[in-house]
Number of protein chains: 2
Amino acid sequence: MTAQYCIAVDAMGGDFGPRVTVPAALDALKRHPSLNILLVGHQQQIIPVLERLGQQEHPRLELLHAESVVAMDERPTFALRRRKDSSMYLALQSVAEGRAQACISAGNTGALMVMGRGILQMLPGIDRPAITSAVPTLRGHSHMLDLGANVDCSAEHLLQFAIMGSVMLKAVEQIEAPTVALLNIGAEEIKGNEQVKLASRLLAEQPDLNYIGFVEGDGVFSGKADLIVCDGFVGNIALKSSEGLARLIGRKVRKSFTRNLYRRLVALLARPVIMELQQQLDPGKQNGASLLGLQGIVIKSHGGASRHCFSHAIDQAVSEVEMNIPERISEQLERYLHNSAEPE
Amino acid sequence: MTAQYCIAVDAMGGDFGPRVTVPAALDALKRHPSLNILLVGHQQQIIPVLERLGQQEHPRLELLHAESVVAMDERPTFALRRRKDSSMYLALQSVAEGRAQACISAGNTGALMVMGRGILQMLPGIDRPAITSAVPTLRGHSHMLDLGANVDCSAEHLLQFAIMGSVMLKAVEQIEAPTVALLNIGAEEIKGNEQVKLASRLLAEQPDLNYIGFVEGDGVFSGKADLIVCDGFVGNIALKSSEGLARLIGRKVRKSFTRNLYRRLVALLARPVIMELQQQLDPGKQNGASLLGLQGIVIKSHGGASRHCFSHAIDQAVSEVEMNIPERISEQLERYLHNSAEPE
C-alpha cells in the first residue's frame, strides 16, 4: 500500500468556490484511499457544504481556516504582499511547510504563479514557473507550455520551458526522448518574432533536447510533437480560441440536429457517439494544469471547472505526488542546465 | 450593368499553382459577367491547363507572362528586390498601373505584404498592411486582424489596425458603429503584455471607435465584437490552432462514426447535417483575406486552397472592387487619424 499523503485544496478559488471544490474533494477521497485532504478556506462557507453532504467528520479530511480570498482581478504582487491570510496563500504555505505534498487552486492564475514562486521558491536555474497541460491529438495527447501568465518571455525563458517540459514528459509519460517544437507562424527558419528565432537556435544547441523545429498553430492538435513550447500570451490565446471554436461547433451541432423531427431522431440515434466525442475533445475537460519549476507540486484548475472537472484536477495532483515529480525534475534539470548556453 | 473591371490573378502562387488557380479563375468568370481576369504566370504552365479545359480563347481572359515565382520560404525583402519578374510582382504592378483593379495571390504572405507595400504604397497614416478575414460565430461572423505577418507590433500599430478594420466593416458590412475588442489573456485591465495594455488606452481615447475592451481567446468565435484586433503572430496562431482543433474534431467524428455497422448507418442518416456543419464551420473555407492599408485591393488566399476555395477568394476581390473599398477606407481614415493620439 502506498504511504498516506496530503493535498491542500484552495476551497475558495474559482467561479463557484466551496459549492464545487468541497464535493469534488470528497469524490477524490473516495477514489484514492491513501489521499488526505486539507480544505483551506473560510469555515463559515465550507462547513455548511460539508453538512449538506453529511460529511462533517471525514477521517481523511482536515480544515484550515482562511480569512480572505484572492480576487480574480487582483494584481499578483499585491496578492503576495497583502493576502497572507488567503486560502491560496495558506494552501501554498502548507506545501512549503511539508504539511501537504501538493496544492490545487482554481483561483487567479497570475497570483498562484507569483505566490508559488514567493512561497515555494524556484528550482535552481529556473526563473519563472510555467503552466503546462495536455491537449488532445488524433492518437492521444501532447503537452503545451506555457499556458500561464508569462507574457513577454525571452528566448532564454522559452529554453527553460522546453527543458522543464521535456524532463516532465520523461518522468510522467515515460517518453524516452520527447520531441519538442516551438510554436511559430511558419515552419521556415526566417519566420517569427525575434524571441522565437533566437529560442530556436538555443534549443537546437541542447544535446539533451529532442528539438524538431517550428510547428504552426494547426500543429498543436496534430500530435507532431510531444511538447509544444510558446510564451504564455500566445499559449493562452491559442488554447482558449480553440476551446471557443470547439464550443461554437458544439452549439451549431445542437442547433442543426434540432431543426426538424427527422434530425431530432438522427440525433437521438447518434447520442452515444456524440457523448463519447464530447468527452474526448473538449480541451477544457482536460482539467488540471501543472505549474512547473517550483519546489513543490501546484496544480491549477480551470476557474469555471465543474465538480467533475475539479475532481479530475485533484487526480492530477495525486499522480504527481505518487510519481514524485518535482524531485525527478530537479534530478534531471541539473544535467540539462549544465549544457545550457548562458542567456545572451 | 456594372462597368467592366479586371482582376489580376497570381496563377503560380499556392501549393498547387495553375492546376488550381486557372480553373478557379474560369469558374469566377462564369459567375461574374463584368469580370475580366489577367492571369499572371509562366505561360508554359498556364496554357496546357487552359487547353485541357478547352478555354484557350476566353474573351475576358488575358495572359501576362512571368518568368519566375516567389518561393514560399523566400525572405520578403529579397523577393521585393530580386523577383521583379515574378507572377506576384507583376500582378501587383498591374494594379499599381491601373491595368487591374485588384489582385489575388495564394503565395508567400510576407512577400505579398512587403511587395504590396513597395509597389502599391500605403494609405497615408498607416505604417504596415494588415490582413483581415471573417471568422464564424454563432450568429454569423466577426472579423479579425492582423492575421498576416506583422510580428512585434507596437500599440500604435494595433490602433491603426483597429481603425482600418473598423472603417472596412462600416464600408463592407454596413455596420454603423462596429464594436472593436483587443485580444488578450484576460478581461481585466491588469492583464496582458505591455503593447496590449497601452493599445487599450489608445483605443479608448478614440471618439470614433466603438471600443469595448479586451476579449479572451474564447471570445473570438463568440461574436462578442465585430472586430477582434491583435498582432499578426497571435492572430495567425489563434486562427491556425482553432483550425487544427476543428480538423481534429472532424477526424474523430469520422473515426467514431465508422467503428461499427450501427454507427455507419447513423452516419449515413446524419450525412446532410454533417455536410452542412462542415461548410458552416471550417474557418479555412472562409477563404479570401484582405490586405488592408494599401492603395489598392490585394486579396490573400490560403496556400492550400482548392479550386472551389480559391474561386471564393476571387469573389472576395470582386466585392471589394464593386464596393470600391480602398477609396471608402481612405475617405474615412483621415477623420480617424486626426483624432489619433501621437505614438508615445
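## Ground rules

Helices here are DSSP runs of H or I with at least four residues, strands are E runs of at least two, and both are numbered from the N terminus. This is a predicted model, where local features need pLDDT of at least 70, side-chain atom pairs count only at pLDDT 80 or more, and totals for chains, interfaces and linings use all residues. Residues are numbered from 1 along each chain as its sequence is written, chains are lettered from A and ligands numbered from 1 in the order in which they are written, and side-chain values use heavy atoms, with hydrogens and water left out.

## Two copies, one axis

Let's start with how the chains sit together. A turn of 180° with a shift of 0.0 Å along the axis lays chain A on chain B at an RMSD of 0.0 Å (least squares on the C-alpha atoms of residues with pLDDT of at least 70 in both copies). That is the relation of a two-fold axis. The same surface does the job for both copies, with 100% of the contact residues of chain A recurring in chain B (contact means heavy atoms within 4.5 Å).

## The interface

Chain A puts 60 residues into the contact, and chain B puts in 60 residues. Between them about 5400 Å² is buried, with carbon and sulfur atoms giving 69% of that; buried area is the accessible area (1.4 Å probe) that two parts lose on being put together, summed over both. On the chain A side, L138(A), I185(A) and F233(A) supply 12% of the area buried against chain B, more than any other three residues.

There is charge at this interface too: four salt bridges cross between chain A and chain B. The rule asks for a side-chain nitrogen of Lys or Arg within 4 Å of a carboxyl oxygen of Asp or Glu. Take K240(B) and E216(A), whose closest N and O atoms are 2.4 Å apart. D218(A) also gets involved, in a network of salt bridges with E243(B) and R247(B).

## Salt bridges in chain B

Over all chains, the whole structure has 16 salt bridges. In one of them, D27(B) meets R307(B) at 2.8 Å, N to O. D27(B) lies in helix 1 (residues 18–31) of chain B and R307(B) in helix 10 (residues 307–323) of chain B, so this pair ties together parts that are 280 residues apart in sequence. D27(B) is buried at 17% relative accessible area, while R307(B) is partly exposed at 39%. For those labels, buried means under 20% relative accessible area, exposed over 50%, and partly exposed in between (1.4 Å probe, protein chains only).

R83(B) and E74(B) also meet at 2.8 Å, N to O. Here E74(B) is buried at 12% and R83(B) is partly exposed at 21%. Back in the network, E243(B) and R247(B) have their closest N and O atoms 3.8 Å apart. These two are four residues apart in helix 8 (residues 232–257) of chain B, which separates them by about one helical turn. E243(B) is buried at 6%, and R247(B) is partly exposed at 40%.

## The sheet in chain A

Chain A has an open sheet of 11 strands in the order 3-2-1-4-11-10-5-6-9-7-8, with mixed pairing; two strands pair if DSSP finds at least two bridges between them. At the edges stand strand 3 (61–65) and strand 8 (210–215) of chain A, each with a single partner strand, so one side of each has no neighbour in the sheet. On average, neighbouring strands are turned by 25° against each other, direction ignored.

Helix 10 (residues 307–323) of chain A packs on this sheet, touching strands 1, 2, 4, 10 and 11 of chain A, and its direction makes about 145° with that of strand 1. Axes are lines fitted to C-alpha atoms, for helices over the stretch in contact, and angles run from 0 to 180 degrees between N-to-C directions. Out at strand 8 of chain A, the pairing with strand 7 (residues 179–183) of chain A is parallel, over five bridges. There, L183(A) has V215(A) as its bridge partner.

## Strand 10 of chain B

Strand 10 (residues 289–292) of chain B is covered on both faces: A289(B) and L291(B) are buried on one side, S290(B) and L292(B) on the other. Strand 10 of chain B runs antiparallel to strand 5 (residues 130–136) of chain B, joined by three bridges, and I131(B) has L291(B) as its bridge partner.

Strand 10 of chain B also pairs with strand 11 (residues 297–300) of chain B, antiparallel over three bridges, with S290(B) partnered by I299(B). Their hairpin has four residues between the strands, and G293(B) takes a positive phi near 105°.
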